[in-house]
Amino acid sequence: MSAETVLSVASLETIGSPQLWTITVAALILLLAVDFLITRRPHEVRMREAVGWSVFYLVLPLIFGFYVWGAFGSGVAVEFFTGYVVEKSLSVDNLFVFMLLLSAFAVPPALAQRVLLYGIIGALVLRAIFIALGAAVLQSGTWAFLLFGGILLFTAWKIFKDALSGEEHKIDVSSMRSVRLLRRFMPVTNDYHGSHLVVRQNGRRALTPLALAIVAVFATDIVFAVDSVPAVYGVTEDPFIVFATNAFALMGLRALYFVLQGVLAKLRHLNHGLSIILAFIGIKLVLHWAHGVWSWVPEIPTPLSLGVIVGVLATVTITSMYANRREPKPVPPPAEREPQPGPKP
């Protein structure tokens, strides 16, 4: 990153003092270290463990949000909570793709959380890069809001189109460019070797399927970062708040995956809701750009954005539950049905 980019990011109005950045990054590294210790010994995650960590990672942003409220005022706190809700809703969609990837690579349940942890670290690094670049773009002029709004509107249209098609999302591992590139340079073992990414086989170093799964997850992180960062910049222009919302939303994904593993498939209207949220934020960004050009153009206040986002998520959850109840249950084949009592002689 060039010196000009760093200076432009630093010149943005932000609550992120050097001390606050240092404390936040140090706490993030500490949490990642704890996660590495937890996943060092592969084991299947039980529901009690997953729920405990999920609650922990939901309480953390609440505590931080109330600290922001007390230290910097309600306006900044509302921006943080709104950005966090946006990121958390997008991260749930990320989990669904991760679930498909883990299934496609046939990752053993005991190794699933290690793959998710590597994916989260990759996502954090990519989000930090995109956040810095996004801040630099915003400094170059108000046209950046129009650019970000266009990206979100296009993404919303694509997600909504896929949701209306009703086709199940499938992943073809063999067609992924990152996987094909790795297989050109190094052989790949047929079986998993615990948590090892590279092993020696027939005198040569070879990648394990675990390494391919991690690379595939990392590749999807790039796509998610392109959508996620502009979405939060539609809520706040503060790079620190953008980074904090991304970090809090991502850190709880490992545990949340195991809590929602059986629920994700039932949220059949989630993508419909995400497309509406992204389109709404895209329109918000376009109006913000237009307001800078024509002052009579109205802007969408952040509290209203929070209400719309929460309302959309609640609506798609209710409609998904209703659709699941109305879906007819599959009829078992005749061989599996209970024998009906015949007429008495």
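User: In what pattern do helices and strands follow along the sequence?
Analyst: This is a predicted model, where local features need pLDDT of at least 70, side-chain atom pairs count only at pLDDT 80 or more, and totals for chains, interfaces and linings use all residues. Residues are numbered from 1 along each chain as its sequence is written, and side-chain values use heavy atoms, with hydrogens and water left out. Helices (H or I, at least four residues) and strands (E, at least two) are DSSP runs, numbered from the N terminus. The chain holds 12 helices and two strands, and the pattern reads α-α-α-α-α-α-α-β-β-α-α-α-α-α.

User: How are H2 and H5 oriented to each other?
Analyst: Axes are lines fitted to C-alpha atoms, for helices over the stretch in contact, with angles from 0 to 180 degrees between N-to-C directions. Helix H2 (residues 18–38) packs on helix H5 (residues 109–139) at about 160 degrees, axes 10 Å apart. Angles under 35 degrees count as roughly parallel, over 145 as roughly antiparallel, 65 to 115 as roughly perpendicular and the rest as oblique. H2 and H5 are therefore roughly antiparallel.

User: Which residues of H5 meet H2?
Analyst: Contact means heavy atoms within 4.5 Å. The H2 side offers Leu 28, Leu 32, Asp 35, Phe 36 and Ile 38. On H5 they meet Gln 113, Arg 114, Leu 117, Tyr 118, Ile 121 and Leu 124.

User: Which helix gives the largest share of the largest nonpolar core?
Analyst: A nonpolar core is a set of buried Ala, Val, Leu, Ile, Met, Phe, Trp, Tyr and Cys residues joined through side-chain atoms within 4.5 Å. Buried means under 20% relative accessible area, exposed over 50%, partly exposed in between (1.4 Å probe, protein chains only). The largest core has 69 residues; Phe 98, Phe 105, Val 115, Leu 124, Tyr 233 and Ile 281 touch the most other members. Its largest share, 12 residues, comes from helix H8 (residues 209–233).

User: Is the ring pair of Phe 64 and Phe 248 stacked, edge-to-face or tilted?
Analyst: Rings of Phe, Tyr and Trp (its six-membered ring) pair if their centres lie within 6.5 Å; planes under 30 degrees apart count as stacked, over 60 as edge-to-face and the rest as tilted. By this rule there are 16 aromatic pairs. For Phe 64 and Phe 248, the centres are 5.3 Å apart and the planes stand at 45 degrees, so the pair is tilted.

User: How many residues apart are Phe 64 and Phe 248?
Analyst: Phe 64 is buried at 12% relative accessible area, and Phe 248 is buried at 18%. Phe 64 sits in helix H3 (residues 47–72) and Phe 248 in helix H9 (residues 239–251). The pair links distant parts of the chain, 184 residues apart.
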